Amino acid sequence: MLRELPAGIRKFSLVTTQMVSIGIQSMTLTVVVALFTGAVSAVQTGYQMRDYVPMVYLGTLIGKSVVLELGPVLTALVVGGRVGASIAASWARCA
């Protein structure tokens, strides 16, 4: 990494283009996955815990579990899959 750092500084516009492609353009898909994951988690948790936990606390429970536990894992999987497929497709185009 240190050996290639000067080349990365010279090609800063390419680096920022890749950052936008990997990060910002993945936001839409990540938000959609997060919304559906939260909805499914809320339905399942509400069904399973309706006799044990008051429904008033369901939003807090789902919010914390999705944000703290499930969100980072799903975000990594979705972004990794999208970016990996994009890189593989661009390499296939070049070959």
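This tour moves from the whole chain to one helix and then to one residue.

The model is predicted: local features need pLDDT of at least 70, side-chain atom pairs count only at pLDDT 80 or more, and totals for chains, interfaces and linings use all residues. Residues are numbered from 1 along each chain as its sequence is written, and side-chain values use heavy atoms, with hydrogens and water left out.

**Whole chain.** Select the protein chain and colour it by pLDDT, the predictor's confidence in each residue, from 0 to 100. The average is 84, and 99% of the residues score at least 70. The chain holds 4 helices and 0 strands; helices (H or I, at least four residues) and strands (E, at least two) are DSSP runs, numbered from the N terminus. Helix H1 (residues 5–10) has the lowest mean pLDDT of these elements, 79, and H3 the highest, 87.

**Helix H4.** Select residues 58–94 next. The 37 residues of H4 should span 54 Å at 1.5 Å a residue (1.5 Å times one less than the number of residues), and the end C-alpha atoms, 50 Å apart, agree with this. Centre on Leu70, where a kink of about 50° lies shortly before Pro72; the bend is the angle between axes fitted to the seven residues ending there and the seven starting there.

Now show Leu58, Ile62, Val66, Val78 and Val83, which are buried (under 20% relative accessible area; exposed is over 50%, partly exposed in between; 1.4 Å probe, protein chains only). The buried residues of H4 pack against H2 (12–22) and H3 (27–49).

**Thr30.** Finally, select Thr30 in helix H3. Thr30 is buried, with a relative accessible area of 13%. Not counting residues up to four places away in sequence, Thr30 touches Thr75, Val78 and Val79 (heavy atoms within 4.5 Å).
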